[in-house]
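Trainee: Could we go through this structure by question and answer, from the whole chain down to single residues?

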Amino acid sequence: MNQTIHTLLIANRGEIASRIIRTCKKMGIKSVAVFSEADRNAPFVKQADTAVFIGESSPNASYLDQDKIIDVAKKMGADAIHPGYGFLSENVSFAQRCETENILFVGPNAAAIDAMGSKAKAKSLMKEHKVPVVPGYQGSDQSVATLRQAANEIGYPVLLKATAGGGGKGMRIVHEEKEIESAIEAAKREALNAFGEDGLIVEKYIASGRHIEFQIFGDKHGNAIHILERECSIQRRYQKVIEESPSPIMGEKLRQKMGEAAVNAAKALSYDNAGTVEFILDDTTQDFYFLEVNTRLQVEHPVTEEITGLDLVQMQIESAQGLPLSISQNEVKGQGYAIECRLYAEDASNDFLPVTGTIERFEIPQVEGLRVETAIESGSEISIFYDPMIAKLIVWDQSRAAAHRKMQYVLKNLVCLGMTTNQDFLLHLLKHPKFLKGEYDTHFIQREMDLEGINVKEEKDIHLGAIAAVLFGWQQREQKRTLLKSIPSGWRNSFYDYQQEAFTFEDKEVVVKYRFLKDTFHFLIGENTYETKLISATSRKIRLELDGVQYTLDVKNKDHHFFVHHESMGNITLIEKERFPIKESEQVKGGYIAPMPSQIIKVLVESGQEVNAGEPLIILSSMKMENTIEAVEDGVVEEIYTEEGSSVEAGFLLLKVI
Ligand code: ADP
């Protein structure tokens, strides 16, 4: 029986919630978001037609709380729940609960989820259905003796995996027999801690393997198809960072064989929604083996959507409603090439540890063929509670080379300021000659990449960043000063003195000396000199000309930090140390100087005239803003060094009051 969904509750958060809401709008389905304390101001909450608070930030108190979610679904009259990925998406009891409550679960039937919930059960079932599995042991006898014997028979190296495992947790490579006992014990402990049960499977370790997965789809009428492959071998900590389709090593023959195996897996499960069959392909033999079925929509599903033009969320909703699949296997066609990069708040040079904090600025470059899935906007927090993924960047183009070029451009131009991310790392990876040739396996990052060197910046880039920071700070002070007109800035005796600012950049001190002559800032940084013109400035960007080349840099200044971005150098963060003019002791008492390059509009006083504090002395115009210099204390004008209509540099001594 078909059932039409009118109201859909999304039991998830972040980018995937936004993604599902988008399809809801397209289909005319009312969307209900649920949100935790930490997500109260998140974009997906605003995008949904209705949003309901469900609890504290910790997932157990909100996105994993089945009672609360079911309760909201009923109150809001939701006839279906989409679980997204993670959280409750592969939770058998939740899928069953939805069924009992008469709410459609937008995912496969509970039995299919259950069958794939254990790696041991999944492998046994697949073996029965002639889907090739990695040689190994997945029996119920979990004694050390049996596991050791299994490992010896398979031959080292072997991989121990938790039967209940997921997300790469609880996996352990064992290279020789003498390590096996302690490895089993450690893996069991880890599994028990992470998943509450300590069952293990033992597998032959594929030393050079590629992770290739097939998108599968089924309906409630027994139809099952595959929607081509995604290559996901670029991983760190057994977790994907880049996915592409088609796989660079895929030929039509292999695709057909693997696709068939994927459809067999789907049929073995009476699969009736979106899923992914993961395989590992042995690089040396080209043999492929089943790893697992993910019974949900994957993070990387946009790659498949981009090459097929299909909307997988829409297909999920249609399958859940009981509609037959709208396409047959023969109609599935991939066109062109798509790649996805996952932008994470993590430090590649520090073992990819997640980073928390505020994304001070997030700006996506306008590029045709770029799709960005994100839950972030400027000011968003990356909190300790959730996955540190900031955005998924997906590009499509006719060929792999064209798409890679485009992705490099996107990674260079994306502005994400405020914290450490893997943006530079992704760019390095994308430029790697072996990656470009498609010659990689699941160990590529560890083996091929110089992770220490990822965030290392060249001196010229640090200097460009520092120049931008100085000019941005200078311009900010000037604006503030214009608002508080009575405080002239930069009391120096003569305009040719250098000002000095000091920053730290990654433990190193960067001392910047500069002065302004005519229309040019002269910078001295270390042994280097730079001639710079300030072309324009806003509160977010600064455009400058450095040795004849113009640059627009993004700058964010917060708590003595200058976050600077330019496509040529990536992100540079400078911490302000101190600001002081060099020859402070030599300031001219009673001297008034031009705070910035200006034109003299009006001289309001004459030599010998008595003035009172606060009285206007000279009106200047600079960068289209008028500025009045006022007397800071009572006195007599001793001398005036300028006249109406003339142009003066910043620091020019205008007059003296004694
Ligand atoms: P999880 O469920 O924790 O994600 P998987 O079984 O899907 O675990 O494996 C995750 C990753 O671990 C794979 O993408 C692959 O890189 C690696 N892997 C898994 N099994 C093997 C194996 N037998 N040999 C080599 N690498 C493997």
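Mentor: What follows covers a predicted model, and the questions go from the overall chain to a sheet, some loops and two strand pairs.

Trainee: How many helices and strands are in the protein chain?

Mentor: The C-alpha trace spans about 105 × 60 × 45 Å along its principal axes. Buried residues make up 56% of the 658 residues. Secondary structure in the protein chain comes to 16 helices and 39 strands.

Trainee: Among contacts between residues at least 6 apart in sequence, what share joins residues at least 24 apart?

Mentor: The count takes contacts in the protein chain, with a contact meaning heavy atoms within 4.5 Å. Of those between residues at least 6 apart, the share that joins residues at least 24 apart is 64%.

Trainee: How far apart are the mean positions of the positive and negative charges?

Mentor: The protein chain exposes about 28000 Å², with carbon and sulfur atoms supplying 48% of it. There are 73 positive and 96 negative charges in the protein chain, and the distance between their mean positions is 3 Å.

Trainee: In the open sheet of four strands with the order 6-9-7-8, which strands stand at the edges?

Mentor: Pairing in this sheet is antiparallel. An edge strand has a single partner strand, so one side is left without a neighbour in the sheet. That applies to strand 6 (136–137) and strand 8 (172–174).

Trainee: Which helices pack on that sheet?

Mentor: One helix touches strand 6, strand 7 and strand 9, and its direction makes about 10° with that of strand 9. Another touches strand 7, strand 8 and strand 9, and its direction makes about 170° with that of strand 8. The former is helix 7 (residues 144–154), and the latter is helix 8 (residues 177–195).

Trainee: Which residue in strand 9 is the bridge partner of V158?

Mentor: Strand 7 (residues 158–162) pairs with strand 9 (residues 200–204) in the antiparallel sense, over five bridges. In strand 9, the partner of V158 is K204.

Trainee: Where is P157, and what is the omega of the peptide bond from Y156 to P157?

Mentor: P157 sits in the loop between helix 7 and strand 7. The peptide bond from Y156 to P157 is cis, with omega near -5°.

Trainee: What is the omega of the peptide bond from S245 to P246?

Mentor: P246 is in the loop between strand 12 and helix 9. The peptide bond leading to P246 from S245 is cis, and its omega is near 0°.

Trainee: Is M250 buried or exposed?

Mentor: M250 is found in the loop between strand 12 (239–245) and helix 9 (252–268). Leaving out residues up to four places away in sequence, M250 touches I212, F214, E229, R255 and M258. Buried means under 20% relative accessible area. M250 has a value of 12%, so M250 is buried.

Trainee: Are D559 and H560 buried or exposed?

Mentor: Both D559 and H560 lie in the loop between strand 29 and strand 30. Phi is positive for each, near 45° in D559 and near 65° in H560. Exposed means over 50% relative accessible area. D559 has 60% and H560 has 53%, so D559 counts as exposed and H560 counts as exposed.

Trainee: Which residue in the turn between strand 24 and strand 25 has a positive phi?

Mentor: Strand 24 (residues 499–505) has six of its seven residues buried, and it pairs with strand 25 (residues 508–517) in the antiparallel sense over seven bridges. F505 has K508 as its bridge partner in strand 25. The two strands form a hairpin with two residues between them, and the turn residue with a positive phi, of about 45°, is E506.

Trainee: Which residue in strand 2 stands opposite T7?

Mentor: Strand 2 (residues 30–36) is largely enclosed by the rest of the structure, because six of its seven residues are buried. Strand 1 (residues 7–10) runs parallel to strand 2 and is joined to it by four bridges. Opposite T7 in strand 2 stands K30.

Key. Residues are numbered from 1 along each chain as its sequence is written. This is a predicted model: local features need pLDDT of at least 70, side-chain atom pairs count only at pLDDT 80 or more; totals for chains, interfaces and linings use all residues. Side-chain values use heavy atoms; hydrogens and water are left out. Buried means under 20% relative accessible area, exposed over 50%, partly exposed in between (1.4 Å probe, protein chains only). Accessible areas come from the Shrake-Rupley method with a 1.4 Å probe; for residues, only the protein chains shown count as cover. Lys and Arg count as positive and Asp and Glu as negative; His and the chain ends are not counted. The place of a charge is taken as NZ of Lys, CZ of Arg, CG of Asp or CD of Glu. Two strands pair if DSSP finds at least two bridges between them. Axes are lines fitted to C-alpha atoms, for helices over the stretch in contact, and angles run from 0 to 180 degrees between N-to-C directions.
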